[in-house]
Amino acid sequence: MIPAHSWLTRRLLLGLAQTAAVVLLVFALTEALPGDAAVALAADNPDPARIERIRAAMDLDRPASERFAEWVTGLLHGDLGTSLASGRPVADYLADGFGPTLLLAALTIALLVPVSVGLGVLAARRVGGAVDRLISSVTLGVYAVPEFAFGVLLVTVFALRLDWLPPTAVGYGTDLLAHPAVLVLPVLVLLSRPVCSISRLVRAGMIDALSAPYAEQARRYGVGGARVCFAHALPNAVTPAAQQLARTVDWLLCGVIVVEALFIIPGLGTVLMDAVAARDVPVVQGLAVVFGLLAVVLNLAADVVAHRLAPRAGVAA
Amino acid sequence: MTASAQPDRSLPALRRRGFLAAGAAAGLGTLALTGCGGGAGGTGATSGGGAPRRGGRLRAAFAGGGAAETLDPHRSNLFADAARAKALFDKLADCGADMTARPRLAASWEPGPRLDRWKVTLREATFHDGRTVTAEDVLYSYRRIADPGQTYRAKASLEPIDLKASRALDPRTIEFRLKRPTAEFPNVLAAFGAYVIPRDTERFERPVGSGPFRFVSFAPGRSCTVRRYDDYWDGAPYLDELEFLIANEESARVNALLGGQVEYAHELNPATARAHQDQGRITIVRLRNSAMQAFAMKTDRPPFDDVRVRQAFFLIADRQELVDGALSGAGEVGNDLFGKGYQYYAADLPQRERDLTRARHLLKRAGAEDLRVTLDTSEVAAGFTEAAGIFRDQAAKAGVTVRVRAGSKDTYWSDILDGGTLSCYRSGAMPIESHISQRLLTDSSTNATHWRRPAFDALYQQAQSTRDQSARAEVYARMQRELHTEGGFLVWGFADWIVGTARGVGGVRSDAPANTLDWARFDKVWLR
């Protein structure tokens, strides 16, 4: 067996390597985007002389290696650069969009765990029963619907037909907590797919665990059904689901882009979309690095937790 | 957040067409318009709303440009920018529905005998801080736009003016000296983005203009609030307050309108418009003749350097099918000329119809029977990829193989300017004269059809030196006849611009192509 600290060192080194790869990839990929901010700005008035002037004004005519060195030096000092479009620091953009996105993600995660585990357990208690079939078919059905379409459906039913909730967050600014009603539909959309995938994993794990020899044995000893279910089977059943949860956090970042566009929420997804459209490369790069680092850190944390809880799983690395 | 952090570097404000890459929203994008002048008399229908009533607050949803948005009117690029600029500022002139220049801050203009000097008299108007709008303000604004170190959009439009020699004769009179005779000089005064700002203004955190609304607050990429300016020279607006909200997704704008979160939603899809046309929940306003739809043929490259091939392509197109398919019927057919319904438009030329027999005959005579061409298209504007697919099928019936090539929407306009031979093209409303000067002269900056004919250039100069309007109209007619027979633009249609309003909104005019005077003219809008 590998000593814990050696495993940890290797895992941390891998994390560092991943970080360096993220930084390099982000620069290479943004560099490979067709067109630049000057062409994007000129849009349908592509007067070549004007594009050249814009390009010179933005320092886009300098070699890529020079710009890369400057950018990495800035990153090492915690400086994400300056927006081409507005001249504001990229960090300001992140700060502006961070609040609403964090709020959405936190609410989603907070609801995701109890709801999906609850549904999974409920379905597994009587396999093939009416409840199981209902939950299984609904989760399968919802999982098959893309977020965008699901969002449109929810807005049509709950906002436009029934008039229970506001259809978008337009006009509410960044203080969304002051208007909790606008958060309901976006969080429902964000929850829809992860709830389905995780509850199905929990259900499958529970069915396995409940039919495992140790559960049989517990029952033979006369331990109550509920106790077998929650104290013995559940902890084993949620292990695969826990790793799925870490992946869900990555996924949330994509989901947030769709949801923010659909509901007009001024978060990081909106900032990213605007920056891509304007070819505002420093902002795109800054966001990509932050998203990438977040993914590296989350996966590192998930691996460490999993390694600690279930060493037998033989975590990657 | 209010308007902190506006760009103080000398950078162009970058922003894009107001729709998202991710979106299913089929934005037609920014209409790059050089403006022209103002409100043609009172023929335009208005949407419902009963008799005008004073008061209330209207919220208008536009697609926007994110955190880089600015209130500097000279940097206007998007529809949202243009609408905000129109609320806060004025131009000397603006375009009417027929693209003739209508006086705004200018009360009148008078050309000198050789059309290279124009005397412009200002009306009595005040900025929001009480100062009078003077000739010096106008000259300051124009010199700022023309600054060689900058890239303000109206710069090219103001190029005919010799701003060094132009001067203020008195506080309300400006003498513009031009580099050459320019009979359509009022179009320059109405150019897109040629707003008048107070002398020495460099920053726009709290913009002061002479427009119908005064500034209240601004959060780039989110919202902008303005309030009625009671001393507005054209009469105070009906509305107490107006809020511009940014919603990039078309579906979100529609939902916000249906859900009562906004009263005005700009830029809706034809499909949305059809779905809600007669439902009674919202009012659909169609702004006719807002966007020319065309295929651009490079007239200096094979196969289109042969005029017979161009003529064959004119005859291949089934225009009604293109309008029905690519624009979902929200538009009308074109006749291979820009500017249907605008001043000087050659409406007397017969409408071209599909004629495959003649098309085949022309191709045969040109030795191009098994012609294969590549048609460039992109998601850059609504209906482009659909139009390309429809035209491919139409061309197949004449024995022409069209290969459709979809390019990046972010670089499309720059790519097709000199690349390829055949491409989807679109243009917003502008005077026919501007269309010619920007796209059809030898030295035009965006000559996508490579139409370079000294004789045609000479006709343009002749028109610009012709004082008499009917004589000028005759020259424009000659130029259009030439374009209709031999030109490089296969103009198959004109798209409607679609706006949705809540039922209680009145005064939204439909006879206002996007970016003309009466488009997004919220000072004449009221709430019931």
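**Figure 1. Surroundings of T466(B) in the predicted model.** T466(B) touches L115(B), A183(B), A471(B) and R472(B), leaving aside residues up to four places away in sequence. The structure shown here and in the following views is a predicted model. T466(B) is placed in the loop between helix 12 (454–464) and helix 13 (469–486) of chain B. Its relative accessibility is 15%, so T466(B) counts as buried.

**Figure 2. Surroundings of A168(B) in strand 7 of chain B.** Strand 7 of chain B spans residues 167–170 and contains A168(B). With a relative accessibility of 27%, A168(B) counts as partly exposed. Not counting residues up to four places away in sequence, A168(B) is in contact with A135(B), E136(B), L139(B), T173(B) and I174(B). One of these partners, L139(B), lies 29 residues from A168(B) along the chain, and the C-alpha atoms of the two are separated by 7.8 Å.

**Figure 3. Salt bridge between R144(B) and E202(B).** Side chains of opposite charge can pair when their charged atoms come close. In this view the side chains of R144(B) and E202(B) meet at 3.7 Å, N to O. R144(B) belongs to helix 2 (residues 135–146) of chain B, whereas E202(B) belongs to the loop between strand 9 (195–196) and strand 10 (213–219) of chain B, so the salt bridge ties together parts that are 58 residues apart in sequence. The two partners are described by opposite words: R144(B), at 8% relative accessibility, counts as buried, while E202(B), at 52%, counts as exposed. Over all chains, a search of the whole structure finds 45 salt bridges.

**Figure 4. Network of salt bridges in chain B.** The linked residues are R104(B), D234(B), R509(B), D511(B), D518(B), R521(B) and D523(B). Within the network, a salt bridge joins R509(B) to D518(B), with 3.4 Å between the closest N and O atoms. D518(B) has a relative accessible area of 14% and is therefore buried. R521(B) and D523(B) form a further salt bridge, for which the closest N and O atoms are 3.5 Å apart. Both R521(B) and D523(B) are buried.

**Figure 5. Overall arrangement of chain A, as context for the helix contacts.** Chain A has twelve helices and zero strands. From the N terminus on, its elements accordingly read α-α-α-α-α-α-α-α-α-α-α-α. Taken along the principal axes, the C-alpha atoms of chain A fill a box of roughly 85 × 60 × 30 Å. Chain A comprises 317 residues, of which 45% count as buried. Among its contacts between residues at least 6 apart in sequence, 71% join residues at least 24 apart.

**Figure 6. Crossing of helix 7 and helix 8 of chain A.** The axes of helix 7 (residues 147–161) and helix 8 (residues 181–210) of chain A come within 10 Å and cross at roughly 140°. Because of this angle, helix 7 of chain A is oblique to helix 8 of chain A. The crossing of these two helices is right-handed. On the side of helix 7 of chain A, the contact is made by E147(A), F150(A), G151(A), L154(A), V155(A), F158(A) and A159(A). Helix 8 of chain A contributes L185(A), L188(A), V189(A), S192(A) and R193(A). By class, the contact of helix 7 with helix 8 of chain A has eight nonpolar, two polar and two charged residues.

**Figure 7. Crossing of helix 6 and helix 8 of chain A.** The axes of helix 6 (residues 130–143) and helix 8 of chain A come within 8 Å, and their crossing angle is roughly 140°. Helix 6 of chain A is therefore oblique to helix 8 of chain A. The crossing of helix 6 and helix 8 of chain A is left-handed. D132(A), S136(A), T139(A), L140(A), V142(A) and Y143(A) are the residues of helix 6 of chain A in this contact. In helix 8 of chain A they meet S192(A), R193(A), C196(A), S197(A), S199(A), R200(A) and R203(A). The residues of the contact of helix 6 with helix 8 of chain A divide into four nonpolar, five polar and four charged. S192(A) and R193(A) take part in this contact and also in the contact of helix 8 of chain A with helix 7 of chain A.

Technical notes:
Residues numbered from 1 in each chain as written. Chains lettered and ligands numbered in written order. Predicted model: local features only at pLDDT ≥ 70, side-chain atom pairs only at ≥ 80, totals over all residues. Heavy atoms only, no water. Salt bridge = Lys/Arg side-chain N within 4 Å of Asp/Glu carboxyl O. Helix = DSSP H or I, 4+ residues; strand = E, 2+ residues; numbered from the N terminus. Buried < 20%, exposed > 50% of the residue type's maximum accessible area, 1.4 Å probe, protein only. Axes fitted to C-alpha atoms, helices over the stretch in contact; angles between N-to-C directions. Parallel < 35°, antiparallel > 145°, perpendicular 65-115°, else oblique. Left-handed = near helix turned anticlockwise from the far one by under 90°. Contact = heavy atoms within 4.5 Å. Nonpolar A, V, L, I, M, F, W, Y, C, P; charged D, E, K, R; others polar.
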